[in-house]
Amino acid sequence: MIIYIGSDHNGFHLKNNIKKFLGDKNYKFEDDGDEKLDPVDDFPVFAAKVVNSIKASQDDDPRGILICGSGQGMCMTANRFKGIRACLAFDSEAARASRNDDDSNIICIPARILNDESSLSIIELG
């Protein structure tokens, strides 16, 4: 499994912490976001990059993580694409249920609402 990650400026720092977490757990991932913080970037660009990476992936079970301020913008944008099932997760139980019951392939995280610790626990358990 490969995980594609994208964020706008609101989720930039959390994205970097998630990348470190995934690397420490030996997950394969690809960063589809900016390399540097850009306060005027726009979330739909990064949602589309992650979606396109998932759709083009040769991996059997590609997944995505999208991060923005509320999580809602990324979620709504990703779900516009055929074959994408993005969920907004505020806790690990919601993320787990969405993956197990609804076969979600992208998790959207609200960076302004959740701290790093709760976000990482969602990713680990979701």
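Is Asn26 counted as buried or exposed, and at what relative accessibility? The legends below take up this residue and other parts of the chain, all in a predicted model.

**Figure 1. Overview of the predicted chain, with its order of helices and strands.** The secondary structure comes to five helices and five strands, and from the N terminus on these elements run β-α-β-α-β-α-β-α-β-α. The radius of gyration of the chain is 13 Å, close to the 14 Å that the globule rule gives for 126 residues, so the chain is as compact as a globular protein of that length. Taken along the principal axes, the C-alpha atoms fill a box of roughly 35 × 30 × 25 Å. Of the 126 residues, 46% count as buried, while the chain exposes about 6,600 Å², of which carbon and sulfur atoms supply 48%. Among contacts with a separation of 6 or more, 67% are accounted for by residues 24 or more positions apart.

**Figure 2. Close-up of Asn26 and Asp103, two loop residues with positive phi.** Most residues other than glycine have a negative phi. Asn26, in the loop between helix 1 (12-24) and strand 2, has a phi near 65°, a positive value in a residue other than glycine. With a relative accessibility of 70%, Asn26 counts as exposed, because the cut-off for that class is over 50%. Asp103, which is not a glycine either, has a positive phi of about 55°, and its place is in the loop between helix 4 (92-102) and strand 5 (106-110). The relative accessible area of Asp103 is 41%, and this residue is therefore partly exposed.

**Figure 3. Close-up of helix 2 and its buried residues.** The 14 residues of helix 2 should span 20 Å at 1.5 Å a residue, and the end C-alpha atoms of the helix are indeed 20 Å apart, which agrees. Phe46, Ala47, Val50, Val51, Ser53 and Ile54 are the buried residues in this helix. Seen down the helix axis, the buried residues fall within an arc of 160°, so they line one face of helix 2. An α-helix has 3.6 residues a turn, so residues three or four places apart point the same way. The elements against which the buried residues of helix 2 pack are strand 1 (2-7), strand 2, strand 3 (63-68), helix 3 (72-78) and strand 5.

**Figure 4. Close-up of Asp41 and the residues that it touches.** Asp41 lies in the loop between strand 2 and helix 2, where a relative accessible area of 11% makes this residue buried, because the class is set at under 20%. Not counting residues up to four places away in sequence, Asp41 touches Ser7, Asp8, His9, Asp34 and Phe46. With one of these, His9, the contact is polar and runs from side chain to side chain, at 2.6 Å. Phe46 is itself one of the buried residues of helix 2. Ile107 lies 66 residues from Asp41 along the chain, and the C-alpha atoms of the two are separated by 20 Å.

**Figure 5. Close-up of Glu35, an exposed loop residue.** Glu35 is placed in the loop between strand 2 (28-31) and helix 2 (43-56), and Asp41 likewise lies in the loop between strand 2 and helix 2. Glu35 is exposed, with a relative accessible area of 80%, whereas Asp41 is buried. Between the C-alpha atoms of Glu35 and Pro62, which are 27 residues apart along the chain, the separation is 22 Å.

Technical notes:
Residues are numbered from 1 along each chain as its sequence is written. Side-chain values use heavy atoms; hydrogens and water are left out. Helices (H or I, at least four residues) and strands (E, at least two) are DSSP runs, numbered from the N terminus. Buried means under 20% relative accessible area, exposed over 50%, partly exposed in between (1.4 Å probe, protein chains only). The expected span of a helix is 1.5 Å times one less than its number of residues. The arc is that of the directions from the helix axis to the C-beta atoms. Contact means heavy atoms within 4.5 Å. The radius of gyration is taken over C-alpha atoms; the globule rule is 2.2 Å times the number of residues to the power 0.38. Accessible areas come from the Shrake-Rupley method with a 1.4 Å probe; for residues, only the protein chains shown count as cover. A polar contact is a pair of N or O atoms within 3.5 Å; within protein, one must be able to donate a hydrogen and the other to accept it, and residues adjacent in sequence count only if both atoms are side-chain atoms.
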